[in-house]
Structure formats: structure tokens, C-alpha cells
Amino acid sequence: MATKNNLKPVRTKEEARNRGRNGGKKSGEARQKKKLMREALEKLIGNSLDAVTQALIDKAVSGDVRAYEAIRDTLGEKPTDKVEVMGHIDQNEADSFENEILFPEKKKTGGS
């Protein structure tokens with residue numbers, strides 16, 4: 001997995017373009033694979049999807065918290081999915097805050 005420590009800097013515009021192109025190709029391949037897997041699963045489940053859904057609802061009604069959470073999340077009511085940002089965010093302040101969190105050892109001391 002890529003981290004700040006093992007990323008190689010881009011040296012030219014052409015290199016950046018090539019990296020972007022390669023990343024786009026890989027992203028497309030991943031989306032296609034995910035689509036094929038979803039289609040295969042839908043084909044396998046077929047008409048039994050209603051029965052599976054009903055079984056999940058029955059488990060949630062009987063007190064199964066994980067079943068309830070699965071239904072809630074599927075309906076888009078997952079608490080972390082609903083984040084509302086109000087007000088103005090100054091990009092310079094946000095960058096400064098992010099740097100303080102990511103690189104506390106580089107925090108400025110005094111007035112230099």
C-alpha cells in the first residue's frame with residue numbers, strides 16, 4: 001500500500017501523465033471486475049433475493065442488532081454517511097492543521 005514514505009516523486013509532466021493513465025486503466029479494470037462479480041451474484045441469487053431480504057428483516061425484528069445495522073446501512077442511514085459541514089473552511093488553515101497532525105515533529109516553535 002502506498003504511503004508518504006514509499007511514494008516516488010513525479011519528475012516530469014510526461015511521467016505524471018503516464019502514471020495517471022495507468023491508474024485510470026487499473027481503476028477501469030477494477031470497476032469492470034466488480035461489475036461482473038455483482039452481475040454473477042445477482043444471477044445466482046435471482047428470485048431468492050426476496051426470501052433473503054425477508055429473513056434479514058425477521059432477524060432484525062427478533063432483536064439481531066447486526067441484521068438491523070445491515071438494513072439501516074443499506075437504506076443509507078449509516079451515521080457516518082451523513083456528515084454536514086457548515087461554514088467556511090479556509091484552505092490554508094486546513095492545510096496547516098493537517099500538517100500539524102501528520103507531521104508533529106515539524107511543528108514550528110517560536111517565530112522563525
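Here a biologist and a modeller talk through a predicted model of a chain, asking how each label is earned.

Biologist: Let's start with the overall picture. How many helices and strands does the chain have?

Modeller: The chain has 4 helices and 0 strands. Read along the sequence, that gives the pattern α-α-α-α.

Biologist: How do you know that the length of helix 1 fits what is expected of a helix?

Modeller: Helix 1 has 33 residues, and at 1.5 Å a residue the expected reach is 48 Å. From its first C-alpha to its last, helix 1 reaches 48 Å, so the value is close to the expected one.

Biologist: And what makes the span of helix 2 agree with its 13 residues?

Modeller: Helix 2 covers residues 49-61 and should span 18 Å. Its end C-alpha atoms are 18 Å apart, so the two values agree.

Biologist: What follows each of these helices?

Modeller: A glycine with a positive phi, in both cases: Gly 46 follows helix 1, with phi near 50°, and Gly 63 follows helix 2, with phi near 110°.

Biologist: Now the charged pairs. Why is the contact of Glu 15 with Arg 19 called a salt bridge?

Modeller: The cut-off is 4 Å between a side-chain nitrogen of Lys or Arg and a carboxyl oxygen of Asp or Glu. The closest N and O atoms of Glu 15 and Arg 19 are 2.9 Å apart, so the pair qualifies.

Biologist: Where do these two residues sit in helix 1?

Modeller: Helix 1 runs over residues 13-45, and Glu 15 and Arg 19 are 4 residues apart in it, about one helical turn. An α-helix has 3.6 residues a turn, so residues three or four places apart point the same way.

Biologist: How many salt bridges are there in the structure?

Modeller: There are 3. Lys 59 and Asp 64 form one, with N to O at 3.5 Å; that is within 4 Å, so it counts. Asp 73 and Arg 72 form another, at 2.9 Å, so it passes too.

Biologist: Why is Lys 59 called partly exposed?

Modeller: Buried means under 20% relative accessible area and exposed means over 50%. Lys 59 has 45%, so it falls in between. Asp 64, at 26%, is partly exposed as well, and so is Asp 73, at 28%. Arg 19 joins the partly exposed residues at 36%.

Biologist: What makes Ile 101 exposed?

Modeller: Its relative accessibility is 53%, and that is over 50%, so Ile 101 counts as exposed. Ile 101 lies in helix 4, residues 91-102. Together with Phe 97 and Leu 102, Ile 101 makes a nonpolar surface patch of about 320 Å².

Biologist: Which residues form the negative surface patch?

Modeller: Asp 90, Glu 93, Asp 95 and Glu 98 form it. Asp 95 is placed in helix 4.

Biologist: How do you know that Asp 95 is accessible enough for a patch?

Modeller: A patch residue needs over 30%, and Asp 95 has 31%, so it passes. That value also makes Asp 95 partly exposed.

Biologist: What makes the other charged patch positive?

Modeller: Its members are Lys 13, Arg 17, Arg 21 and Lys 25. Lys and Arg count as positive, so the patch is called positive. Arg 17 lies in helix 1.

Biologist: Finally, what share of the chain counts as buried?

Modeller: Of its 112 residues, 1% count as buried. The chain exposes about 10700 Å², and carbon and sulfur atoms supply 55% of that area.

How values were computed
Residues numbered from 1 in each chain as written. Predicted model: local features only at pLDDT ≥ 70, side-chain atom pairs only at ≥ 80, totals over all residues. Heavy atoms only, no water. Buried < 20%, exposed > 50% of the residue type's maximum accessible area, 1.4 Å probe, protein only. Patch = residues over 30% accessible without salt bridge, like charges linked within 9 Å, V, L, I, M, F, W, Y side chains within 5 Å. Areas by Shrake-Rupley, 256 points an atom, 1.4 Å probe, with all protein chains shown as cover. Charge placed at Lys NZ, Arg CZ, Asp CG, Glu CD.
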